[in-house]
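Visitor: I would like a walk through this model, one question at a time. Please keep the answers short.

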Amino acid sequence: MREHFEAVARAVRDEITGGEDFLLNYRAEDSTFIRFNKSAVRQPGHVKEVEAVLDLIDGKRHAEASLSLTGRMDEDTGRIARAIGDLRALNSDGPEDPYLLVNETPENSERAIGGAMPSPAEIVDAVTAAGEGRDLVGFVASGPVFTGFANGRGQRNWDAASSVNADWSFYVGGDKAVKTSHAGFHWDAAAFAQAAEMAAGRLEALARPPVTVKPGDYRAYLTPAALNEIMSMMSWGGFGLGAHKTRATIFLKMIEGGAQLNERVTIREATAEGAAPAFQREGFLKPAAVTLIDKGAYRDCLVSPRSAAEYAVPTNGASGAETPASRDMAAGELPEADVLKAIGTGIYVSNLWYLNFSDRSAGRLTGMTRFATFWVENGELAAPLNVMRFDDTIFRMLGSNLEALTAERSLMLDPGTYDGRNLDSVRLPGALLSAMRFTL
């Protein structure tokens, strides 16, 4: 794919005239998808696609087009020429963009991450073995995703990320299931089998009659998957400079009121350790890491080129949405094997969903428990817990009420495939809370 990317960049450059410039964002994938239901293959498939987003710049005017490419330059060259002609016509009448900022200093880069991917037969054998005698439902996606950037100044950036992402549940009935995932940059059949056995270990407890507890504050443990839902909400505008300047961030009390999270909480945008490329659509390279929260205190914002132009500060290569793509929370000291004992009596939260802000400026979130959430008594899983709603602030959950983070962390790749496989990743521990507020 690298050769095709270079050929596309040359074809675009050859069409540019006068004082024009261009930004070319190239994306291709070669993915295997296998969907399972009742522990059997239901939908095997393979996707190979190439797309490009071309931004033609003329001074402060620019226009953008998305192209589906074939991989054959005898066809793609014509598509590129037609797109540039259309964009040139749009620029002739278009308004100037006062916040357009592109990288004027070429910075080339190249990265390849990930190893050999499993064959479809290996995936099927591993999943069907894990699901024997159980109702396993989910999918496995594997293969490389290629990302490239080029501009008229000769800058070239290339990223090839191979990964495998298994996202599945052992279904019990009704709203009860044990949902888990196993992701990485290499295929490890033994680790996959271990993850499946750990999930299967929850099935006996999940089959017991469910219980209901009254609303109130309870000791609680959030698995990395549950904590990821909270982290996703925190990332929704929380870390971006634009949200801070417009006071739309969930961290408003930290940046204006001096509030802090627990000193155990350190969060980074760890680009060097994630699957997402280390460059963005305007050609700015991302640093290896940006520390967003350091030992509970807010430290740095993610700054997109547009925010950099608007607020006259340097960019650190953030996306236009200014959301982290490679989220990373530092580990703690609690062994995962000791979590139930540490809970004592309380709630083991495996998954959350339907999260939203109940008071964004106060850092308050609400959402529902999902799948295998358990009532714990005397350090043992006593029974599945019926669905409950929580409503609490990040300043309690990750602040005053945070007792411990697990020593082990989980790598999770975004399972989204809309418009292609998502390259966002997160590496998180689990979190033990002295109290979490459940309201319904």
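Visitor: How many cavities of 30 Å³ or more does the structure hold?

Guide: A word first on the source: this is a predicted model. A cavity is a space where a 1.4 Å probe fits but cannot get out. With the cut-off at 30 Å³ or more, the number of cavities in the structure is three.

Visitor: Which strand gives the most residues to the lining of the largest cavity?

Guide: The largest cavity holds about 110 Å³ of space. Its lining has 15 residues, with S163, N165, D414, R421 and N422 nearest the centre. At least two lining residues come from each of β5 and β6 (156-173). The top contributor, with three residues, is β5.

Visitor: How do the residues lining the largest cavity divide by type?

Guide: The lining to sort has 15 residues. Arg and Asp count as charged, while Ser and Asn fall among the polar ones. The full division is seven nonpolar, five polar and three charged.

Visitor: Which strands each supply at least two residues to the lining of the second largest cavity?

Guide: The volume here is about 60 Å³. The lining consists of A270, E273, G274, S326, R327, D328, L411, S425, V426 and R427. Two strands each supply at least two of the lining residues: β12 (326-329) and β20 (425-438).

Visitor: How many residues in the lining of the second largest cavity are charged?

Guide: Asp, Glu, Lys and Arg count as charged. The lining includes E273, R327, D328 and R427. Beside three nonpolar and three polar residues, the charged ones number four.

Visitor: Is T271 buried or exposed?

Guide: T271 sits in the loop between β9 (267-269) and β10 (290-294). Beyond its sequence neighbours within four places, T271 contacts R111, A276, P277, A278, K286, P287, A288 and S326. Buried means under 20% relative accessible area. T271 has 4%, so T271 is buried.

Visitor: Turn to the open spaces. Which residues lie nearest the centre of the second largest pocket?

Guide: This pocket has a volume of about 970 Å³. Strands β1 (20-37), β2 (40-58) and β5 (136-151) each supply at least two residues of its lining. Out of 35 lining residues, those nearest the centre are R27, T147, P277, R281 and S319.

Visitor: How many of the residues lining the second largest pocket are nonpolar?

Guide: The lining has 35 residues to sort. Pro counts as nonpolar, and P277 is one of the lining residues. Alongside twelve polar and nine charged residues, the nonpolar ones number 14.

Visitor: Which residues does V124 contact, leaving aside its neighbours within four places in sequence?

Guide: V124 belongs to helix α3 (residues 120-130). V124 counts as partly exposed, at 23% relative accessibility. A contact needs heavy atoms within 4.5 Å. With the sequence neighbours set aside, V124 is in contact with I34, F36 and V41.

Visitor: How far apart in space are V124 and L402, C-alpha to C-alpha?

Guide: In sequence, 278 residues separate V124 and L402. Between their C-alpha atoms, the distance in space is 40 Å.

Visitor: Now the charges. How many salt bridges does the count come to?

Guide: Side chains of opposite charge can pair when their charged atoms come close. The cut-off here is a Lys or Arg side-chain nitrogen within 4 Å of an Asp or Glu carboxyl oxygen. By this rule, the number of salt bridges is 28.

Visitor: How far apart in sequence are the parts that D217 and R396 tie together?

Guide: The side chains of D217 and R396 form a salt bridge, at 3.2 Å from N to O. D217 is in strand β8 (residues 216-222) and R396 in helix α11 (residues 394-400), so the pair joins parts separated in sequence by 179 residues.

Visitor: Is R396 buried or partly exposed?

Guide: Its partner D217 counts as partly exposed, at 37% relative accessibility. The cut-off for buried is under 20%. At 19%, R396 counts as buried.

Visitor: Which strand holds R437, which meets D217 in a salt bridge?

Guide: The D217 to R437 bridge spans 2.9 Å, N to O. The pair links distant parts of the chain, 220 residues apart. R437 counts as partly exposed, at 32% relative accessibility. D217 is in β8, and the strand holding R437 is β20.

Visitor: Which residue forms a salt bridge with E256?

Guide: E256 counts as partly exposed, at 48% relative accessibility. Its partner also has a relative accessible area of 48% and is partly exposed. The closest N and O atoms are 3.0 Å apart, and the partner is R247.

Key: Residues numbered from 1 in each chain as written. Predicted model: local features only at pLDDT ≥ 70, side-chain atom pairs only at ≥ 80, totals over all residues. Heavy atoms only, no water. Helix = DSSP H or I, 4+ residues; strand = E, 2+ residues; numbered from the N terminus. Buried < 20%, exposed > 50% of the residue type's maximum accessible area, 1.4 Å probe, protein only. 1 Å grid on protein atoms, 1.4 Å probe; cavity = no way out; pocket = protein on both sides within 12 Å on 5 of 7 lines; lining within 4 Å. Points joined across faces, edges and corners; volume = space filled by probe spheres on them.
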